[in-house]
Amino acid sequence: MEKNGKEGRQKKKRATLDVLVIGAGPLGLATCARLLETAPDSFSERDMALRSWYLSKSAKKEDKQKLSLKVVDPSGCWMHRWETLFTNLGIYYLRSPLSFHVDPFDTSSLLAFANKKNRQNELLSTMELFRESTHIYKSHKERNKKKKKELQHRKVFNLAQHQFFDRPSAALFSDFCKEVVNNYSLQDSVVKGAVIRLEPQIKTDSEGSKTVSDFRVHLASGEILTAKRVIMTIGLQTRNFPQWVKDIQTEYPKDRILHSLEPININWFDEVKPKRVLIVGGGLTSAHISLLAQQKGCPEVTLIARKKLTVKWFDFDLEWIGKYRKVHLAQFFNEKDPRERLQILKRVRGGGSITPELMDKLKHEVQKGTIHLKEDVLVQSATWLPDSSQWQVIISDGSELNPDYILLATGMLRDINKEPLMKEMLQHFPIETVEGLPVLTEDLKWCEGVDLYLAGAYSGLMLGPDAFNLAGAKRGSERISEAIFRDDEESQSENKERFIPNYHGADSNIYHYFGELDANA
């Protein structure tokens, strides 16, 4: 009896999953929820009409085939790394607006959640942004009515919809994600483990063409998970260190230069009690670390940035988040050259930027003298001075700084060729890359015949500038889920229990599709 039980457990471990998602953050949650949602808000009225009609014809409409789905994450639970990073840096509000979230069912569900829980006070109002936009629009219109059409495009927001662009608190968003987990019964979906190897099981046909039958996903614990499809939702993994760090000649204690993804948090400042801190970076993270250092009583805090600090409400230009967003996305998709798409990404996202409310706090501390700010400067060299246990940092403006700790808010390296997990994929299935970004299929698949999907930052050339945040998470999850369901329908044509519309032509006739479905019923 014991032997049979052991064999049963081994057999269960060897079972091949339909889908394995790597990463249990917001992107992974959005993807899983979309895979399980049968009526997403991305469906048009016609989509819903066809779906409802088809389900009414289905003899087994309540006995739907479900995907075998698991998520692997080092923490073993949902949202752990995301919550840790926000807590460590004291980030109170998200940068994405209220309408960008992980629930595929309804765009307004996060707002509804805030209202249901009486937590409207945790929404940071963007009404000031809308008033500024409207004021600029009206004043210019009065000056020059001939430019009416051009100026209308500057008014990128509809004032009546301002609340959907408010920014939720991190606590509110975290609790909302917990509700999404419960709604889709994903509580037990996460497997604890760190993925150390992604091994494609390759098969070759008579003509020499290679495809992947499934993937063996190796965990640090020694466990191996097998899946037909793998969805990577873990984002960028390699820390970006400036060249001057790599050029340091002297030996130095490794804890005297820390990247923002290392344990820089409230506890770190309490335990280490640094006297002089140099923060390098010009984005949101650098501002949060600077303010955190000041709040924890660090006597000397210096922030240096290679350019003037830029203020933005969101991650990218307002035109890409307002009512003309779809117009800009259409222009992006119409550009077929991935190099030109990359230029659009660079232009729209720009470099690092800081939200208005955070910039106000930073400026206040700079005026008080508790934070020293140097803009438009670069670090030329850094030398560790062991006798005084401090750095000698030479700045491009000719000044010298002597911090005892250097904290880097220099982001992550965006290069798929340097991601350890992608080593075997690049070896067996090399694909085109443009400055480190992969050229995927439109479904965000690695290539045809290989069911490895990349969501998040590495899908930027396919999704556009918002691939890096929650807006891209939603659109990416839609593309991936529709591709998976479409493949299932093609391989199981006699068992059409899922309805995935693929008829988005403007000139298509809804009754034509009813007729086709009737013929196949």
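**Entry 1: Phe86 and its neighbours**

I began with Phe86, which in this predicted model is buried, with a relative accessible area of 17%. I then turned to Trp82, for which the relative accessible area is 16%, so this residue also counts as buried, the limit for that term being under 20%. I placed both residues in helix H4, which spans residues 80-88, and noted that Trp82 and Phe86 are four residues apart there, about one turn of the helix.

I looked up how many aromatic pairs there are and found nine. Trp82 and Phe86 form a stacked pair, with 4.1 Å from centre to centre and 25 degrees between the planes; I call this pair stacked because the angle is under 30 degrees. Following the ring pairs further, I found that they link Trp82 and Phe86 with Phe173 into a cluster.

**Entry 2: Trp384, Trp391 and the sheet**

I next examined Trp384 and Trp391, an edge-to-face pair with 5.2 Å between the centres and 70 degrees between the planes, and I noted that both residues are buried. Where does Trp391 lie relative to Trp384? Trp391 is in strand S15, and Trp384 stands opposite Trp391.

I then traced the strands around this pair. Strand S15 covers residues 390-395 and is joined to S14 by six bridges, the two running antiparallel. The sheet is open and has three strands in the order S14-S15-S16, with antiparallel pairing. Strand S14 (379-385) and strand S16 (400-401) are the edge strands, and each has a single partner strand, so one side of each lacks a neighbour in the sheet.

**Entry 3: Charges over rings**

I looked for charged ends placed over aromatic rings and recorded two cases, Arg256 with Tyr405 and Lys210 with Phe429. The charged end of Arg256 sits over the ring of Tyr405 at 4.5 Å from its centre, while Lys210 lies over the face of Phe429 at 5.3 Å from the ring centre.

**Entry 4: Nonpolar cores**

Which residues touch the most other members of the largest nonpolar core? I found that these are Trp78, Trp446 and Leu452, in a core of 120 residues. For Trp78 I listed the contacts, leaving aside residues up to four places away in sequence, and among them are Ala24, Gly25, Gly28, Leu29 and Cys32, as well as Val71, Val181, Leu186 and Val190. I also noted a second core, separate from the largest one, which has 18 residues, including Trp244, Tyr252, Ile304 and Leu401.

Key
Residues numbered from 1 in each chain as written. Predicted model: local features only at pLDDT ≥ 70, side-chain atom pairs only at ≥ 80, totals over all residues. Heavy atoms only, no water. Phe/Tyr/Trp six-rings, centres within 6.5 Å; stacked < 30°, edge-to-face > 60°. Buried < 20%, exposed > 50% of the residue type's maximum accessible area, 1.4 Å probe, protein only. Lys NZ or Arg CZ within 6 Å of the ring centre and 35° of its normal. Core = buried A, V, L, I, M, F, W, Y, C linked by side-chain atoms within 4.5 Å. Contact = heavy atoms within 4.5 Å. Pairing = 2+ DSSP bridges.
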